[in-house]
Amino acid sequence: MSTPGNAIFRAEEVVARCKRLASFSEDAGSTRRTFLSAPMRDCHREISKWLAAAGAEVVVDAVGNLRGYYSAAESGAPRLLIGSHLDTIPNAGAYDGVLGVVLAAALLEALNGRRLPFGIEVVGFSEEEGVRFGIPFIGSRALVGRIDEDLLNRQDTNGISARTAMENFGLRPAEIPRAALADDTLAYLEFHIEQGPMLDSLGLPLGVVETIAAQTRMEFVFVGRANHAGTTPMHLRQDALAAAAEWIVAVERTAKSHPDLVATVGQIAVKPGTINVIPGEARLTLDLRHESDDTCAGVGEALVRLAEEIAGRRGLALRRRVLLSQRAVEMDPFLVEQTEEAVQKIGCQPHRMVSGAGHDAMILAEKAPAAMIFLRSPDGISHDPAESVNIEDVAKALECGLQLLDQIASSAKSQKRMCRA
């Protein structure tokens, strides 16, 4: 294992590398790196240097995932995947997603040529955020065989299809099935910043994720009647925005009445959007998350009924559609226990937690045992240029990763439990 001093040195290098990758951007002065954009190629080139120097063979698969394979002590051994995503939202911070890939590369470097009873495949997923095509997890979907024609035909705002974007990047969409997880896959491990305030509030550097919350996204459209703002009496109005506002307040009130539920109305668009015209249409989104599928679904149904009641009472029509329905995903119980043990062995207090954000780990969990380790987000800030990490926390994450690798390597039980037919 790495000594604490070496871990701090490596942690400083990890942070410096994350900041360098943040400079590969589509926007001057801020970080935006979307699916198969030109800066993604720069990102691949930089990380490939680190992986190759650590002894890994590096390729980019047919959907644009960067993959570096560090071979096992013997041929025919299973492989452990470690990774996260390389794409970002607009105006992003330097650590969301990228930190997990850079940490994985640092773990290979820390092995210093030592080979384990399993190979290690570092994966930098090409698309997790869903910014360019409105579909998240394109990279990890490829590994579990969930890339279909509808996805490949989806167009971005410039009318470029996902298929064409892949071809323009020099990829071959017809070879996407070859990106699927190998039969020898042992498990998947992901390091990620928490993107929330819990670890920071508890004064803990690391957290062990046991569940990724269920998530429902919906779109609602209240349709009333646009009319002159100065000549239409209040009691004769069919104001779509007023109805939407009533419902938004009810969403907040409902969420506060359910422990651990979060509900967000993140977008609203009003037509005609003129200062002297009563809004005739209000289009808005709802994002619901909870660790229980039943709670998430039940609250969603209640909010639909409430929207229908408000629209009916105000003489409006209501349209709605489901944009995403993601069930809660449990991390592998045995891997969670092993990770918790590793956290404890490096001198940290273990803390199990639920992830309110979605991650590639929940997609990989469909086909392989998966686990996640959260790093503290100072002040709970993420998806913002102010996003940061503590050097000491990164060092602890590296120590934890090395400890976990040693536990898996030395435990025949671990390997037997995690392998799936």
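These notebook entries record what I looked up on cysteines, Asp61 and one pocket.

**Basis.** I worked from a predicted model, in which local features need pLDDT of at least 70, side-chain atom pairs count only at pLDDT 80 or more, and totals for chains, interfaces and linings use all residues. Residues are numbered from 1 along each chain as its sequence is written, and side-chain values use heavy atoms, with hydrogens and water left out.

**Cysteines.** I searched the whole structure for disulfides and found zero, a disulfide being a pair of cysteine sulfur atoms within 2.5 Å. For Cys348, the nearest cysteine sulfur belongs to Cys400 and is 7.7 Å away. I noted Cys348 as buried, at 8% relative accessible area; buried means under 20%, exposed over 50% and partly exposed in between, with a 1.4 Å probe and protein chains only.

**Asp61.** I located Asp61 in the loop between strand S1 (57–60) and strand S2 (66–70); strands are DSSP runs of E, at least two residues, numbered from the N terminus. Asp61 is buried, with a relative accessible area of 9%. Its side chain reaches the backbone nitrogen of Val63 at 3.1 Å, and a polar atom of that side chain lies 2.9 Å from the backbone nitrogen of Asn65.

**Pocket.** I then examined the second largest pocket (an open set of points on a 1 Å grid over the protein atoms alone, with protein on both sides within 12 Å along at least five of seven lines; lining residues have an atom within 4 Å of a point). Of its 14 lining residues, those closest to the centre are Val59, Asp61, Arg67, Glu121 and Arg178. S1 gives the most to this lining, with three residues.

Terms used:
Helix = DSSP H or I, 4+ residues; strand = E, 2+ residues; numbered from the N terminus. Polar contact = N/O pair within 3.5 Å; in protein donor to acceptor, adjacent residues only side chain to side chain. 1 Å grid on protein atoms, 1.4 Å probe; cavity = no way out; pocket = protein on both sides within 12 Å on 5 of 7 lines; lining within 4 Å.
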